[in-house]
Amino acid sequence: MHVTDPSYARQLDQQDTLKNFRDRFVKNDPRLIYLDGNSIGMLPDKTGKHLKDVVEQEWGRGLISSWNKGWYDRSQQTSALLAALIGAQPDEVIICDSTSVNLFKLAFAALKFQEGRTGIVSDNLNFSSDIYLLQGLVELFGHQHTLHLAESHDDIGVDMKTLENLLGEDTALATFSHVAFKSSFMYNMKEVTRLAHKKGALVLWDLSHSTGAVPVDLGGSDADLAIGCTYKYLNGGPGAPAFLYMRKDLQQKLKSPIWGWFGQNNPFDFKLEYSPAPGIERFLAGTPPVLSLSALFPALEIAEEAGMAAIREKSIQQSTYLIQLADEVLAPLGFRVASPRNAHVRGSHVSLGHEEAYRICKALIDQNTGNWVVIPDFREPDNIRLGIAPLYNSFSDIFYAIMEMKNIVEQRWYEKFALNKEKVT
Ligand SMILES: *Cc1c(COP(=O)(O)O)cnc(C)c1O
């Protein structure tokens, strides 16, 4: 059977060991093909009921007594579930704040700890927010530091030699997205960490595009620090709190720049002298977002039940299938694969470049164009990102999304759409 045959997709779906997990997510439109789980994951079917209970029982009935009946420790409880997905110990992870704020806290702490070292190393594939935060830290520390960005030569990946040349005896901190948000390039975490440690640098990994999509082994990689979000492949919902990780032996040495009461040794002492909590809690600042934390429970349980190894296996199979289809069907229409072809250095999304990428995205999303409502997203300058979430995407989803793209370009349907961009693309 040929790869462009729809029954090939059906056969792969039948053989899919994770196929039953699709029903664990809310889907209202049978024509919907959702390929944006790397931006905001779908709603698990249990989340609505669970949140309703938390709101009505814990808040409505329990009121303030609920702080002693689970609210106070909800962050720690949720963190333990998450830790198992990223190769960390439960007391090395805490869920709080946003990814951006957590990056600030950890990078600040690392630079302070490494005083005297003046280099910060990242790469030009990194997420804009991460780079802004580093630029802000350079200013905050009075321009003592220099930010070095490793250049990608193909806009897809960064080679190890380039990276190694930027790491020096003066490097305080090296920080990268484990999986690049645009190209999906994935670093060898263990190898990069080893190279940075050889120079005495601390390493901070942004796991936003990894967590719940690829197995991460922070412990086995000897990683120092990490951050990431929970609303993408983990399906925690819009505004779900992020997480931060710090290896156990660093926790007594590094301090948060935000000395809030939840990071204090004993918040309800109300002592007027700050002393940080001994463990990872010292990186908490203020009152946790209990409702958002609660929404994470059903979502993390699904990921745990499916298992990261099975998720990754299906993800590789699906992204490889997508690239095969793109090569056969879309390449003659001006598309190019803008992600690594080697599955071992690729995350769970695939970017396709096309000069009309923006309007093709508009046509894919439009209800009245074609047979399906396909939701990818657009990333400047010409990328269509197709996020594959193995928990709810089928092989048929991928097949019909590619066929829809083919029709849109062949029939020139995208020409109906305006070129001006909306605020969120
Ligand atoms: C999504 C994402 C973020 C998000 O940061 P927020 O503070 O949640 O807005 C950060 N870094 C990377 C690499 C991301 O992909």
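This report describes the surroundings of the ligand and of Thr162 in a predicted model.

## Basis of the values

Local features are given only where pLDDT is at least 70 and side-chain atom pairs only at pLDDT 80 or more, whereas totals for chains, interfaces and linings use all residues. Residues are numbered from 1 along each chain as its sequence is written, and side-chain values use heavy atoms, with hydrogens and water left out.

## Ligand surroundings

The residues around the ligand, meaning those with a heavy atom within 4 Å of it, are Ser98, Thr99, Ser100, Phe127, Asp130, Ser177, Asp206, Ser208, His209, Tyr231 and Lys232. By class, this shell has two nonpolar, six polar and three charged residues, where Ala, Val, Leu, Ile, Met, Phe, Trp, Tyr, Cys and Pro count as nonpolar, Asp, Glu, Lys and Arg as charged, and the others, Gly among them, as polar.

An N or O atom in the side chain of Asp206 is 2.7 Å from a nitrogen atom of the ligand, while oxygen atoms of the ligand lie 2.8 Å from a polar side-chain atom of His209 and 2.7 Å from one of Tyr231. The protein buries 85% of the 380 Å² that the ligand exposes when taken alone, with accessible areas from the Shrake-Rupley method and a 1.4 Å probe.

## Thr162

Thr162 is placed in helix H6, residues 160-166, helices being DSSP runs (H or I, at least four residues) numbered from the N terminus. With neighbours within four places in sequence left aside, Thr162 is in contact (heavy atoms within 4.5 Å) with Ala150, Glu151 and His153. The C-alpha atoms of Thr162 and Glu56, which are 106 residues apart along the chain, are separated by 55 Å.

Technical notes:
A polar contact is a pair of N or O atoms within 3.5 Å; within protein, one must be able to donate a hydrogen and the other to accept it, and residues adjacent in sequence count only if both atoms are side-chain atoms. Helices (H or I, at least four residues) and strands (E, at least two) are DSSP runs, numbered from the N terminus.
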